[in-house]
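Open the structure in your viewer and keep the selection tool ready. This tour goes stop by stop, with something to select at each one.

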Amino acid sequence: MDSKSTIGLTIFMFIAIVQAEVFDVTKFGAEIDGEISKPLCDAWVKACSATSPSTVLVPKGRFCLNVVEFKGPCKNPVEVKIDGTLIGPEDPITIPKGVQWITFSYLNNMTLSGNGTLDGVGGAMAWSTNDPTATVKKGSPLQYNLSFNFITNSLITGITTKDSKNFHVNLMTCTNVTFDNFHIEAPAESPNTDGIHIGWSKHITIKNSVIETGDDCVSIGDGCEDLHIEGVKCGPGHGISVGSLGRNPTEKPVIGVYVKNCSFVETANGVRIKTWPDSVPMEVKDIYFEDLSMEKVENPIIIEQDYCPHVHCNKQKPSLVRVHNVFIKNVKGTSTSQSPIKLRCSTANNGCENVHISDIDLKYVGNRGDAFQECVNVKPIYEDTIFPPACKTASQ
């Protein structure tokens with residue numbers, strides 16, 4: 001962008017901020033420690049229909065929120081600024097089936113900002129299958145803290161999402177959305193609490209963020225293109241995963257994932273590609289994992305084309321997901337596994353193709369022997385310093 005364009009954009013943003021009308025939820029009946037679903041919806045209706053850029057403000061304080069949807073399209077850009085703490089219902093069955101806790105849909109030029117916290121109140125009723133009142137036994141699905149559907153040209157910044165009952169963020173069919181300075185908090189033992197799940201979306205950026213959760217820090221589903229994840233701190237959690245893929249017949253390719261300058265601390269995995277055996281045909285290509293730091297990570301680098309988390313898999317048939325053009329560069333740190341690099345590729349599609357690995361230094365911190373790499377149905381192209389030592393040949 002040239003200097004004139006930068007100045008013009010700055011002036012436009014300044015004018016938009018100056019002219020923005022503020023709709024404070026306390027002016028619509030919201031009270032500290034009170035339930036604010038209706039005041040928040042009423043403020044949104046006013047902001048969405050405003051004739052100039054506007055802001056919905058949740059000020060500092062603690063508010064209870066049953067459920068809300070910020071639905072467009074709106075006449076002008078709208079910012080939802082949350083400086084307070086929103087507390088969700090403890091019992092998931094309180095929210096109607098098929099509805100998420102906080103949803104943004106059909107919006108362009110939307111901003112979600114503030115220093116606030118979205119507390120989904122995950123806990124025994126949501127996470128424990130041993131609890132006789134557990135939601136899974138009552139047949140009610142568990143909700144995401146934040147759901148973004150059909151969102152374009154938008155920014156999410158400053159917000160903390162805490163203890164979601166399910167995924168913290170579910171991003172579907174979105175384009176050109178950025179998460180910056182975003183924070184996710186959940187215990188390591190909280191099940192299925194993926195930090196940010198992305199599906200059927202393109203031109204998505206996640207940067208300068210901290211994700212602490214019980215499942216994948218970022219999970220990338222099918223139909224995604226041009227995803228950039230940079231400056232993310234992951235841990236606890238299960239790492240950054242492409243997949244799982246290939247289970248459903250309507251799945252689309254994943255093309256262009258760039259994970260750079262991220263750190264992983266005591267996670268189950270670092271960076272991961274996982275596909276189901278006996279899968280439908282599809283492809284994963286142009287994947288870049290670069291400049292990554294690992295601290296006591298179980299599987300720092302793993303391609304897993306025999307992913308089967310339960311017994312309902314047919315491992316006798318190979319994955320038909322073609323994995324190719326994978327570039328892994330400058331990954332350093334420590335692993336709790338004797339094989340810090342696991343490349344378990346399918347017997348189909350000539351295995352994984354065009355896998356480049358360079359400048360790797362991953363030390364095993366256990367006492368079972370020397371570290372090594374696992375290579376199955378793949379012939380990696382190695383460059384620069386490699387530790388553990390490179391695989392001499394592909395295992396067939």
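What follows is a walk through a predicted model, one selection at a time.

**Stop 1: the annotated site**

Select H238. The UniProt record, an unreviewed entry, places the feature "active site" here. Look at the backbone around H238: this residue sits in the loop between β18 (225-234) and β19 (240-245). Is H238 buried or exposed? Neither label fits, because its relative accessible area is 29%, and that makes H238 partly exposed.

Now show what surrounds H238. Beyond its neighbours within four places in sequence, H238 is in contact with G214, D215, D216, C217, A268 and N269.

**Stop 2: into the strand**

Move on to S241. This residue belongs to strand β19. S241 has 0% relative accessibility, so S241 counts as buried. Which residues does S241 touch, not counting those up to four places away in sequence? They are D216, V218, S219, I220, R272 and K274. Keep D216 highlighted for a moment: D216 is in the contact list of H238 and in that of S241.

**Stop 3: the pocket**

Stay with β19 and turn on the surface. The second largest pocket holds about 460 Å³ of space. Its lining has 24 residues; select the closest to its centre, which are F167, H197, G221, G243 and S244. Three elements give two or more residues to this lining: β15 (196-199), β19 and β22 (269-275). Which element gives the most? It is β19, with three residues.

**Stop 4: the aromatic rings**

Hide the surface and show the side chains of the aromatic residues. The structure holds eleven aromatic pairs. Start with W44 and F70, an edge-to-face pair at 5.2 Å centre to centre, with 75° between the planes. W44 lies in helix α2 (residues 37-48) and F70 in strand β4 (residues 68-71), so this pair ties together parts that are 26 residues apart in sequence. Both W44 and F70 are buried.

Next, select F179 and F182. They too form an edge-to-face pair, at 5.3 Å centre to centre and 65° between the planes. F179 and F182 are both buried.

Now select W44, F70, F104, F148, F179 and F182 together. Ring pairs link these residues into a cluster.

**Stop 5: a charge over a ring**

Select R247 and W276. R247 lies over the face of W276, at 4.3 Å from the ring centre. Add H310 to the view. Leaving out residues up to four places away in sequence, H310 touches both R247 and W276.

Where is H310 along the chain? H310 is in the loop between β24 (299-304) and β25 (321-335). H310 counts as partly exposed because its relative accessibility is 30%.

**Stop 6: the enclosed space**

Finish with the empty space inside. How many cavities of 30 Å³ or more does a search of the whole structure find? The search finds one. The largest cavity holds about 40 Å³ of space. To see the walls, select P89, I95, W101, G120, Q143, Y144, N145, S164 and K165, which line this cavity.

Notes:
Residues are numbered from 1 along each chain as its sequence is written. This is a predicted model: local features need pLDDT of at least 70, side-chain atom pairs count only at pLDDT 80 or more; totals for chains, interfaces and linings use all residues. Side-chain values use heavy atoms; hydrogens and water are left out. UniProt positions are given in the numbering used here, feature names are shortened, and annotations may be inferred rather than shown by experiment. Helices (H or I, at least four residues) and strands (E, at least two) are DSSP runs, numbered from the N terminus. Buried means under 20% relative accessible area, exposed over 50%, partly exposed in between (1.4 Å probe, protein chains only). Contact means heavy atoms within 4.5 Å. Rings of Phe, Tyr and Trp (its six-membered ring) pair if their centres lie within 6.5 Å; planes under 30 degrees apart count as stacked, over 60 as edge-to-face and the rest as tilted. A charge sits over a ring if NZ of Lys or CZ of Arg is within 6 Å of the ring centre and within 35 degrees of the ring normal. On a 1 Å grid over the protein atoms alone, a cavity is a set of points where a 1.4 Å probe fits but cannot get out, and a pocket is an open set with protein on both sides within 12 Å along at least five of seven lines; lining residues have an atom within 4 Å of a point. Grid points are joined across faces, edges and corners, and a volume is the space filled by probe spheres set on the points.
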